[in-house]
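Colleague: I am new to this model and would like to look closely at one loop before going on to the helices. Please take me through it step by step, explaining each term as you go.

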Amino acid sequence: MIEKLSRRGMIQSLCGGLGSVGLAALLNESTAYADSLGHYAGPHLPVKAKNIIFLFMAGGPSQIDMFDPKPDLIKHAGERPDSVNLRTERQTGGLLPSPFEFKKAGKSGIEVSQLLPQMSTVIDDVCVIRSMYTFNPTHVPARSLIHSGSLLANRPSFGAWVSYGLGSVNKNLPSFVVLTPGGGGSSSLWRAGFLPAEHQGVAFNDAEVEPEKMIANLRNQWLAAPEQRREMDALAALNRGFSNSFGEDSFLDGRIKAMEAAYRMQFEAADVYDVRKEPEAIREEYGKTPFANGCLMARRLVEAGVRYIHLYYGAGQVWDDHATINKNLEKRCPDMDQAAAALIRDLKRRGMLDSTLVVWGGEFGRTPVSESGDGRDHNPYGYTMWVAGGGFKGGIAYGSTDEFGFKAVENRVSIHDLHATLLNQMGVDHTKLTYRYAGRDFRLTDVYGEVVKDILV
Amino acid sequence: MYPVNIMSGRFPVLLLLLSTCAPIFAQEPDAAFFENKIRPVLVAKCYSCHSTKLSSPMGGLAMDSKAGLQRGSASGPVIVAGKPADSKLLQAIRYTNPQLQMPPTGKLPDSVIADFEQWIGSGAHDPRVDSAGGASPAPLKGMSIEEGRKWWAFQPVKEIAAPRVKNAAWAKNKIDSFILAQLEHTKLNPSPQASPAELVQRAYIDLVGYKPSFDEEQVYVNDHSPRAYENLIDKLLTSPHYGERWGRHWMDVARFAEDNPTGEATNPGYPVAWRYRDWIIDAINADMPYDRFVKLQLAADEMPGVAHDDLRALGYIGAAPIYHKDQRLSYDVIYGFMTDDWDERVDAVSRGILGMTVACARCHDHKFDPIPTKDYYALMGVFASTMRAERPTFEVDPKVEERFLWIQRRLFDLRYSADLLTNEASTVVGAKERVDKWKAEIESLHQEMEGLRGQYPQLTQHLERFWTFPPPRQPGAAGGGGGARRANANVASSEPFFNSVYDAAQFADGSDAHYTFINYKPGEAREIPVMPHGSVTAAGADEPRHFLTVLSKDDSTFHHGSGRAEFADRVFRDGAPLTARVIVNRVWAWHFGKGLVATPSDFGTQGEKPTHPQLLDDLSARFIAHGWSLKWLNREIMLSAAYRQSSHPRADGEAADSVNALIWRMNPRRLDIESYRDSLLRAAGKLSEDMHGPSEEADSLTNVRRTVYARVSRARTNQLLREYDFPDPIQTSAARDLTVTSLQQLFLMNSAWVHNLSSTLASSVDSESDPHIKIRDLYRKILSRDPSAHEMELAMAYLDRPADPEAKQSPIEQYAQILLSTNEEIFWP
């Protein structure tokens with residue numbers, strides 16, 4: 001319904017798509033925070049981080065082989081002590097040690113797997129949380145939990161909450177961008193749910209490097225720019241004439257501006273999405289793989305003011321290693337390792353790491369017990385995620401799992417706790433960030449979640 | 001969504017109401033500790049037996065009030081502040097005394113016991129504030145049933161004498177007296193009547209969902225008879241396209257869609273859900289009384305004398321969203337998902353039809369409205385006794401059909417399970433034995449169905465995919481593909497079935513620790529226990545199925561089957577005043593762009609109050625008196641002077657009432673995606689008049705059908721629909737939240753879809769040699785009017801310039817695209 005919208009309301013509604021008024025200084029627009037317009041007008045905490053890049057490893061990466069060394073597994077290989085009789089999705093067998101060597105890395109001496117040589121070089125900037133847990137052993141519900149804090153596929157995504165809570169910094173870009181190779185994935189993971197539609201994630205296919213292939217209808221196939229400019233001018237003249245005859249109307253006015261912004265977006269804004277504009281050396285550092293391009297684009301989007309970038313590694317649940325896990329990890333880790341580490345390094349060089357949260361993890365981890373001899377099943381009881389930047393302590397390994405790496409036992413961190421802590425760094429109290437819908441106030445963290453103060457600077 | 005709240009300057013009010021459902025963590029650490037660590041445990045583990053709400057709390061101990069906890073049990077205090085060792089409560093939860101172990105369902109985790117020890121040790125601070133009367137039974141934290149019965153929205157509706165107004169000549173019908181009285185009170189004048197061109201556009205968009213053509217507009221503008229406007233409305237109300245427009249409105253409320261949010265093996269799409277959409281369109285066109293319209297959607301199969309064709313209405317429940325249930329998960333998890341599915345129905349029905357947020361009472365009594373948790377589980381029982389079923393479009397012997405529908409569900413689960421454990425045999429112990437057993441059962445059901453092939457070949461055929469191993473290689477053919485194969489099929493099917501429901505109690509079967517089936521018991525109903533915090537592991541006593549207590553005039557316990565028919569009856573008997581107000585307000589909002597109640601799906605205490613309560617009551621009473629006729633209501637509203645007002649802005653109106661709460665003008669609006677897409681197609685002469693049938697994607701270049709027939713997906717919203725604010729069909733939608741974005745404009749500027757329309761339009765004026773005529777004709781086709789002299793000059797200047805030899809679009813095509821893209825085209829005056 002278009003009513004007489006306030007200026008605030010109007011600009012909010014313009015922010016839903018790829019931008020609107022004025023494209024000046026697009027790449028580095030430093031709009032004052034007072035001007036950044038979220039719907040949420042509740043209290044704010046001190047802001048530590050302005051942006052989030054979530055590197056999502058769908059399928060559930062194996063903490064046992066990457067971040068959570070468990071030498072006891074070797075001793076007890078093949079055994080099945082009572083403590084590992086936890087129900088997961090599938091039938092599991094005896095304990096399966098990791099064949100990968102762990103070495104102390106950085107000044108902090110955190111042990112990291114040989115699968116991740118690049119991450120080892122930046123580990124002093126990383127807060128490794130070894131005691132994550134979640135609440136469901138199957139992909140879709142668990143994925144829904146990490147994305148929205150709820151099992152139900154109808155709640156707003158984390159990114160939508162961030163967009164709602166903090167608004168857009170750059171009015172020309174969506175505040176919540178999803179980068180998903182092949183354009184796949186279920187849009188229900190980045191839905192706005194009951195939040196205003198403009199907070200929905202805008203998904204781009206980052207398997208492509210050409211912006212026109214990523215964004216539908218970005219280019220006109222029939223007219224050159226000057227010709228289309230004339231078309232737009234003629235259109236604007238008719239629209240102004242209509243406004244004159246109708247009278248002042250925020251919708252009519254807003255659409256004239258949105259039309260103009262769309263025209264310019266074709267040429268200017270598209271640059272943001274074009275990683276080919278980066279120096280060759282930088283592209284080499286990230287690695288030029290699809291995931292690397294996504295990481296690099298995420299950095300460019302953060303520079304341009306996008307609040308929340310959700311980046312999927314690969315299409316589908318690629319880290320779901322029910323079988324031949326060792327071989328799979330050897331194949332998959334190198335490019336993930338290189339790009340994720342390059343992102344941290346690059347952000348740090350640019351002085352952006354302090355204000356950017358880089359989060360890494362999947363919907364759960366994997367079991368220390370084997371599935372069919374050479375695979376690992378889903379493990380929601382205890383797994384690793386890491387966060388770099390944004391006021392998280394670097395060079396610490398927080399919490400721990402049991403002797404075999406199955407269940408988080410010390411300093412347990414639930415996905416609600418993680419959400420609460422990330423929001424806290426963004427300057428929002430997770431108990432205050434609510435939205436009234438269907439008769440009650442909803443939160444990202446429902447009735448749960450505690451800020452994990454120990455891992456914050 | 002209620003954007004109105006945020007944009008109408010009521011923001012401060014909204015803020016005061018924040019943080020209500022979740023526990024409010026107080027500032028002081030003691031209180032926070034209690035709220036965080038203690039209270040949730042008391043609620044989840046103790047209240048079900050130790051509550052003031054019970055007529056006799058166990059042991060005389062009521063723990064849901066501060067006073068009750070301090071007083072202790074019949075045998076003395078249970079807490080000694082500062083002395084955990086002396087506190088009976090701690091003894092009980094430690095399970096050290098075999099005679100005193102609480103909670104009886106199992107020992108609490110050690111960490112929780114430690115929390116209680118710490119809490120008692122530090123003084124057992126209890127920040128709860130008891131309501132007046134201390135521990136005396138205070139049934140609800142929110143509004144009591146008794147108070148609730150006095151709530152405005154539940155009061156009987158009756159016709160109200162029109163208020164006296166000064167400018168009585170302005171009023172065209174009774175609606176206007178109510179509007180004008182409030183305007184006069186604020187010393188605002190109504191706006192003048194809209195121009196004939198504006199009126200005819202407004203009426204076409206409103207009633208048939210697209211703009212009138214040049215000729216249609218001329219017919220009206222040149223009709224000078226005094227009844228011209230009435231005739232226009234009456235003509236449009238009889239158009240078959242009326243049902244396409246107004247049916248779509250209802251589809252927003254009914255969260256109509258043709259698949260499920262995740263579309264996995266156990267929640268595949270609904271390939272025949274389009275038959276439910278077609279039923280809605282037909283029923284609306286026939287002006288089926290609203291009470292019957294809703295009753296059929298809830299309970300067509302339980303009502304006497306219903307035509308078989310009307311069973312299509314049950315798509316309302318039969319094509320509702322469901323979640324994936326990986327049957328390898330435990331009983332608790334599967335049962336939990338089942339309750340989530342039923343919760344969805346409770347929410348859709350209560351907000352959609354009754355404007356009540358009953359689902360708020362899933363974890364605890366509603367915090368504001370008079371809805372106890374028992375009411376919630378009473379309704380959940382109705383849907384737990386209703387299974388989804390693909391029912392034949394043709395008549396079948398009822399006994400045979402009942403058996404067929406059970407076999408259909410059973411075969412689906414067996415086939416899914418057999419496929420799952422064949423492909424992932426290592427994931428469950430004894431997979432092979434299980435698969436063999438299931439395949440044997442599949443075969444036996446197959447043989448049973450073969451026995452029916454002679455009499456009902458289509459029933460047998462429909463299930464063939466379940467017993468065919470390996471699945472045939474032609475998906476799309478009737479019955480093609482295995483159960484799992486059809487899961488993600490993105491196409492509508494023409495099989496002679498519709499997505500419907502059948503009465504059957506559904507239970508999670510916990511008998512196999514490694515594999516959880518769902519048992520369907522056709523012809524049986526079940527009760528659902530009250531589940532504190534919505535947790536299936538904390539189930540209390542079974543709650544009989546019944547209607548909302550606050551609305552019930554007498555004992556409303558349901559006795560027949562699932563109780564859907566009795567529920568539907570109560571909605572229109574005990575709940576009639578509320579139900580009528582809710583639909584009248586929705587219809588008003590669809591006509592005016594916003595309702596008299598700004599929160600169309602929440603008429604509870606957290607919703608907005610009506611801006612014109614007497615008008616709403618009077619109109620609702622007359623709506624009932626006119627046999628719940630939606631067409632009567634459309635007509636009554638559209639014939640009012642209020643509706644006919646101009647939508648142009650006025651400085652005095654803006655100053656006095658910028659949100660137009662008083663209706664001093666018509667609200668100017670933009671077209672929604674359906675009427676926009678349809679109007680664009682119609683301008684190019686391409687819009688198909690064909691009604692009904694399977695769906696196609698909205699932005700397909702070959703789809704020229706009305707947008708109401710576009711495919712609606714919960715898993716992958718069509719990009720065009722999404723960009724233009726189509727509501728997410730995973731839940732009932734109260735109103736559309738229309739935005740203006742640049743992505744929308746890129747569609748007009750650069751899409752092949754719009755480009756094709758421009759080409760078609762340009763070709764259609766190709767035979768004219770005079771560019772003035774070409775432009776005039778384009779204006780007529782697209783904007784249904786002639787260009788002004790100035791507009792003609794602009795167009796000529798555009799066409800006269802030297803053509804760009806590189807351009808792949810002729811200037812006249814470009815101009816057609818310009819006119820299609822104008823604000824005027826997307827505007828609803």
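Where in chain B does Lys187(B) lie?

Modeller: Residues are numbered from 1 along each chain as its sequence is written, while chains are lettered from A and ligands numbered from 1 in the order in which they are written. What you see is a predicted model, in which local features need a pLDDT of at least 70 and side-chain atom pairs count only at pLDDT 80 or more, whereas totals for chains, interfaces and linings use all residues.

Lys187(B) lies in the loop between α8 (174-185) and α9 of chain B; helices here are DSSP runs of H or I with at least four residues, strands are runs of E with at least two, and both are numbered from the N terminus. The phi of Lys187(B) is near 60°, a positive value in a residue other than glycine. Most residues other than glycine have a negative phi. Lys187(B) counts as exposed because it has 8 C-beta neighbours inside 10 Å (with C-beta atoms placed from the backbone, 20 or more others within 10 Å make a residue buried, 12 or fewer make it exposed, and counts in between make it partly exposed).

The helix on one side of that loop, α9(B), spans residues 196-208, and its axis comes within 10 Å of the axis of α11(B), residues 228-237, the two crossing at roughly 25°. Such axes are lines fitted to C-alpha atoms, for helices over the stretch in contact, with angles running from 0 to 180 degrees between N-to-C directions. The two helices are therefore roughly parallel to each other, the bands being under 35 degrees for roughly parallel, over 145 for roughly antiparallel, 65 to 115 for roughly perpendicular, and oblique for the rest. The crossing of α9(B) and α11(B) is right-handed, that is, the near helix is turned clockwise from the far one by less than a right angle, an anticlockwise turn being left-handed. From α9(B), Leu199(B), Val200(B), Ala203(B), Tyr204(B), Leu207(B) and Val208(B) meet Tyr229(B), Leu232(B), Ile233(B), Leu236(B) and Leu237(B) of α11(B), contact meaning that the C-beta atoms of two residues, placed from the backbone, lie within 7 Å. By class, this contact has 11 nonpolar, no polar and no charged residues; Ala, Val, Leu, Ile, Met, Phe, Trp, Tyr, Cys and Pro count as nonpolar, Asp, Glu, Lys and Arg as charged, and the others, Gly among them, as polar.

A second loop of chain B, the one between α28 and α29, holds Asp725(B), which has a positive phi of about 65° although it is not a glycine. Asp725(B) counts as buried because 22 C-beta neighbours lie inside 10 Å.

Helix α29(B), residues 742-750, is mostly covered, with nine of its nine residues buried, among them Leu743(B), Phe747(B) and Met749(B). The cover over these buried residues includes α9 (250-265) of chain A, together with α28 (719-723), α30 and α33 of chain B.

Two of those covering helices also pack on each other: α30(B), residues 752-764, and α33(B), residues 811-821, have axes 8 Å apart and meet at an angle of about 120°. That angle is why α30(B) counts as oblique to α33(B), and α30(B) passes α33(B) in a right-handed crossing. Residues of α30(B) including Val754(B), His755(B) and Leu757(B) take part in this contact, as do residues of α33(B) including Ile812(B), Ala816(B) and Leu820(B). By class, the contact has seven nonpolar, four polar and one charged residues. Glu813(B) belongs to α33(B) and, leaving aside neighbours within four places in sequence, is in contact with Ser758(B), Ser759(B) and Ala762(B). Glu813(B) is buried, with 20 other C-beta atoms within 10 Å.

Since one covering helix comes from chain A, a few words on that chain may help. Chain A has 13 helices and 17 strands, and 64% of its 457 residues count as buried. Its mean pLDDT is 86, with 89% of its residues reaching 70 or more, where pLDDT is the predictor's confidence in each residue, from 0 to 100. Over residues 1-37 of chain A, however, pLDDT stays under 50.
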